Each structure stands twice: as C-alpha cells, then as structure tokens.
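Let's walk through this protein together, from its overall build down to one strand pairing. Have a look at the sequence and the fold before reading on.

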Amino acid sequence: MKLGLLYSRIRKDEKLLLSELRDRGHEVAKIDVRKQRFGLNETTAEIADCDLVIDRCLATSRSLYATRFLSAYGVPVINSPETAAVCADKVKNSLALESAGVPTPATEVTFTKEAAMQSIKEFGYPCVIKPVVGSWGRLMAKLDTENAAEAVLEHKATLGHYEHKVFYVQEYVDKPGRDIRVLACDGEPVAAMTRSSEHWLTNAAKGGETATFELDDEAKELVRKASDAVGGGLLGVDLMETKDGEYTVHEVNHTVEFKALNEASDVDVPAAVVDWLELKAETANEAVMTA
C-alpha cells in the first residue's frame, strides 16, 4: 500500500502511524500542506499512485480544503471532506447527532448577545458557551452567573471573526468528573479511555488524567450511530455519563489524536488503525478495478 499523509506538523500521533506503516513495508508519501499548491485539476502534492491519503492536518481550514481538493481529483481520502465539514463545525455536529437520534446535550444557537442571553437564562446556571469551531477545550466557558454570561458575550461580540458572532449555548451536563473518548473506525470501537479532572473541562489536552475504559453494549451502539451520523471514518467520539446512568454524545472529532489513548489502553492503537487503513485501501482499489 502507498499511503499519503497530509500534515503540517508531525506530532507523536503521526510518528506512531508512520512507524507502524513502515514496519509493515508500506510506502508513505509525507505531504506538508504548507508547501503545496492545489489547482482545480492538479496539485503539487505527491499523490500519484497513492492508494489512500489520510488527513492529519492540525489546522481545520487546511484539513477542510485539502481534503476537498483531493476528493475532487478522485483520490480516496480519510476522512472524507463531507465528514470533516460536519465534525469541524459544532453546529453541524450537533444537528447530525440529533437527526440520527443520538442523545446529545440540549443546544441553542443565536446571532445576537440579547438572544444569547435569553438562551442562557432559559438553560439556567451553570450552562456552557462554546466556539462553533475549535478543539482542545479552547475558548469554552462555563457560565455560573449572569455577570459572567454578560462579560463572555460582550467579549465574543467584540472579536473580529464572524464565527464569534454565532453564539453556541449548551446545557451543562453534571458528569462524574470525567468524560469518555472512544477511537472508532467506521463505527467500530478500537479503544476507549476516561479523561478525569477536578476541573469541569476534562480534555487530555487540559491535563485530564486518562484511564482505560470498557464500553458496554449501549455505549458501543451510540458510537456506531454517532459515526454513521457524521459520515464514518477514523473518528474520536466523546461521550459523557449523566446522573441517571445514561450516556450523551457531545462531539465527534475527525482528526482525532490517539497518543494518550495508546498509552492508557492495552490495545495497540496504531496497529489497529493501520489494519483498518489496509482494508480501506483494498476496498478503494477494488472499486477502481470494477469501475
């Protein structure tokens, strides 16, 4: 298999993938998107003869556009630009989960401070406000009081980018000090871990402590449904446990990091991912031969 790797920075996650791919004798074309040009019909990127290209871009904008161009050239890409577009935008993400019948936190979107304040008052305190595009828990705020809400809304309203004028307000889920990250390949869980912290944000990127987690049948079914809802692929599905013992899915991630999961779990995560990539490449080649 010849695999193209889209990247802008090689992190530990990409090093784990590269090591596994090379140990199996696969050829890898490393494609630094910062150095490439993408035309309407061709690109400077080394994609010739690639059975598959995997998107590991750090920046959302690069991920969205680079995969869109590759798809237009007829190159199989993981994840698809359609999946990336849904996962990169929290509004689209929430709508996709709701439409698929996946339990997800109650959410409202408004376009003015005044309307956002009404949403916040109806949710009650605490509630959460998030940027529509973002990761690693950045620019998220737990609003505990009216004064805090007014300050955050004023701050967002004065920021320059139009995305900050979209107020994404969500109910606060009183989880048991942790959430659950599941790495899944087309809905099939590879491994799962909890991320625990005394802070309300439990992301591993925020310093949350990780531990392996055994998924029950209900959680596995939600992972499958959440994956299908956004179009499938190599995904990180984030679940929270509620006080009544149920699960809610608050997000699906399309350029999922897995180094912390690999360390927390007994599963060889890079090996499982490459197993799946080999199957995807084989399927893509069969489709070309029968076309």
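How many helices and strands does the protein have? Keep in mind that this is a predicted model. Counting along the chain gives nine helices and 13 strands.

Now for the overall build. A compact globule of 291 residues would have a radius of gyration near 19 Å, and the protein comes in at 20 Å, so the two agree. Here are some whole-protein values:

| Property | Value |
|---|---|
| Span of the C-alpha trace along the principal axes | about 60 × 40 × 35 Å |
| Exposed area of the protein | about 13,900 Å² |
| Distance between the mean positions of positive and negative charges | 7 Å |

Carbon and sulfur atoms supply 49% of that exposed area. On the inside, 48% of the 291 residues count as buried. As for charge, the protein carries 34 positive and 48 negative ones.

How is the chain tied together? Take the contacts between residues at least 6 apart in sequence: 67% of them join residues at least 24 apart.

Next, zoom in on a sheet. Strands of a sheet pair through backbone hydrogen bonds, either parallel or antiparallel. Here, four strands make an open sheet with parallel pairing, in the order 2-1-3-4. Its edges are strand 2 (27–32) and strand 4 (77–78), each of which pairs on one side only. Further in, strand 1 (residues 2–7) runs parallel to strand 3 (residues 52–55), and four bridges join the two. To see one of these partnerships up close, find L6: its bridge partner in strand 3 is D55.

Notes:
Residues are numbered from 1 along each chain as its sequence is written. This is a predicted model: local features need pLDDT of at least 70, side-chain atom pairs count only at pLDDT 80 or more; totals for chains, interfaces and linings use all residues. Side-chain values use heavy atoms; hydrogens and water are left out. The radius of gyration is taken over C-alpha atoms; the globule rule is 2.2 Å times the number of residues to the power 0.38. Buried means under 20% relative accessible area, exposed over 50%, partly exposed in between (1.4 Å probe, protein chains only). Contact means heavy atoms within 4.5 Å. Accessible areas come from the Shrake-Rupley method with a 1.4 Å probe; for residues, only the protein chains shown count as cover. Lys and Arg count as positive and Asp and Glu as negative; His and the chain ends are not counted. The place of a charge is taken as NZ of Lys, CZ of Arg, CG of Asp or CD of Glu. Two strands pair if DSSP finds at least two bridges between them.
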